[in-house]
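Good morning, colleagues. Thank you for making time for this short presentation. Please take a moment with the sequence and the structure before I begin.

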Amino acid sequence: MGFATAFLAFACLVHGEGVIAGQSRLMVFGTHSALIFSMFAAIFALLSLSFSLNSEIGRSLTLFTAAVSAVLLASAFLIQQGGLPVDTSGSLALAAAFLMVLRAYGVAILPPRGDHSGLREATYSLLLAVAGASLWWGLAGPMHAPAILAATLLLSWPHLIDGINAFADKVFHQAALNAGTRVLEPGAFSKIARARDILIDKMAVMSGPDLIVTNVMAFNNEPRTLLAVAASAEAQSSHPVAQALRQLAEQWHVALKHPDRFEPAPGLGVVALLGGQTVVIGTTDLLKRLKIDSFTADAIARSLEADGKTALRVAVGGRVVGVLGLEGTLRQDAGVAGMALRREGLIPWLFSGDSPKTREALAGLLGLEHLDDPEPGETAQQAAARIFPGGAPLILSLSEDRLSLELREGQEAGSSDRDRPAPIAVSDTDDIGAFPALKALAMRRTLLAVHARRLLTGLWLLAGLCGGAALVPLFAAPMLFAVCLAILWAFARFSVADTLKSID
């Protein structure tokens, strides 16, 4: 940036000397010096902007600025080749250099946030400049039109518009940490503000990863035998159901055996070979797939599922011998978090691999919406891509190590879990309330950006009109740039202070 600023200063100096020389017929530098220095200033500014060109955030406005600057430089060269006065072409060259240098400073001071590209405002600025130059061309001839075009374009150009939230983000980030968020990725506020649905994995609303076996209902009136068979079949599994069965077997002092074969059926249950007999533990869908009649067990299971419990059928040798009921402890604040998410404009959905009755009961307890039946073995990410193809929701789930809650963006349909995006926010398992607070902060940040954008757009429009009326020269652009920075800083400081008071 130092080289770009230095060349811009030389361009301004040479342009001023050229204007004087146009009257006294004396000039120390060559007639093309202002154009050359402006070109070097634009080139070095573009080099400093190279990092924003390599990322989607900020690329669009930067490329548009570079394209307009290139057109201005080319126009200045053609005007000089046509033999017109130096000040006529120099104003276009200076405007091109100022556009690039101020854009580079804007990206450095207020890194783009991806909330708003600014292309629309930049297009309006270009149209305003062309209209002003055309009007002057018709009223006063072609001599003054380039200078009016340059001043109008430069003074109305939205250099800072896509980084308008940079000052506020620092304060909002701290507020998110104070609300319980442990990790917050860059760009999280924008993604959360855009979301309209959130898919909550059942495990995220449990007080812990462990399940408790509440019902051991054996059809032969021997619950110890049923527990021994079920726990032995699950002896090689690390699933919470298996852990709950083994824990109860230890409490009942039931001896366990190791299965000869163990085949998990994700989302449905397990199939094991124990003592020469096939043992099946799972949902009615798994039993139907294996052509095992579960009519009697289904009647018992429905009563358990109506209470929000997970009901698993146990079949030995192709015949159902009992039903197991399991449940976990819901977080005390889970229902409050669901209501808080609704207040902030998010529709919370419950994802669970349980039966429809269990899902409805849990959703009713928590005040959440329940999804249609998940496909066998389907994860929350895959369900979100399938059920919300037009706009995947946010997904709140328990981390793999079960030590934190993770908020992610949904995936596109057809993506695998290996491709799932990294969490955009992470909290401790006890801080589920951090996510409604995140949504509240994101929405207030968006509202702040809208007000700030309107304020700056109005200021740029006024400045552009003054430039078009020849009331303000293009050399006022750096001063206007500094004024906009001061406005954004003050706006963010005082508006965010009010926001934090309302959140507290």
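I shall speak about one strand and its neighbours, then a surface patch, and finally the aromatic pairs. Please bear in mind throughout that this is a predicted model.

Let me begin with strand E9, which spans residues 347–351. Is this strand mostly covered or mostly open? Strand E9 is mostly covered, with four of its five residues buried.

E9 has a partner in strand E2, residues 197–201, and the two pair in the parallel sense over five bridges. Within that pairing, Asp201 stands opposite Phe351 of E9. E9 also runs parallel to strand E10, residues 369–370, to which two bridges join it. Here Trp349 has Glu369 in E10 as its bridge partner.

What connects with E9 and E10 to make a β-α-β unit? The helix concerned is H15, residues 356–366, and the unit of E9, H15 and E10 is right-handed.

I turn now to the surface. Five residues, namely Ile36, Met39, Phe40, Ile43 and Leu47, make a nonpolar surface patch of about 450 Å². Of these, let me single out Ile36, which is found in helix H2, residues 33–48. Ile36 has a relative accessibility of 42%, and it therefore counts as partly exposed, since the partly exposed class lies between 20% and 50%.

My last topic is aromatic contacts. How many aromatic pairs does a search of the whole structure find? The search finds two.

One is formed by Phe64 and Trp157; their rings lie 5.7 Å apart, centre to centre, with 45 degrees between the planes, and the pair is tilted. This pair links distant parts of the chain, 93 residues apart: Phe64 belongs to helix H4, residues 59–81, whereas Trp157 sits in the loop between helix H7 (145–156) and helix H8 (166–178). As for their accessibility, Phe64 counts as partly exposed because its value is 22%, while Trp157, at 0%, counts as buried.

The other pair is Phe172 with Phe189. Why is this pair called edge-to-face? The ring centres are 6.1 Å apart and the planes stand at 65 degrees, so the pair falls in that class. Because Phe172 lies in helix H8 and Phe189 in helix H9, residues 188–194, the contact ties together parts that are 17 residues apart in sequence. Both Phe172 and Phe189 are buried.

That concludes my presentation, and I thank you for your attention.

Technical notes
Residues numbered from 1 in each chain as written. Predicted model: local features only at pLDDT ≥ 70, side-chain atom pairs only at ≥ 80, totals over all residues. Heavy atoms only, no water. Buried < 20%, exposed > 50% of the residue type's maximum accessible area, 1.4 Å probe, protein only. Pairing = 2+ DSSP bridges. Right-handed = clockwise from strand over helix to strand, strands pointing away. Patch = residues over 30% accessible without salt bridge, like charges linked within 9 Å, V, L, I, M, F, W, Y side chains within 5 Å. Areas by Shrake-Rupley, 256 points an atom, 1.4 Å probe, with all protein chains shown as cover. Salt bridge = Lys/Arg side-chain N within 4 Å of Asp/Glu carboxyl O. Phe/Tyr/Trp six-rings, centres within 6.5 Å; stacked < 30°, edge-to-face > 60°.
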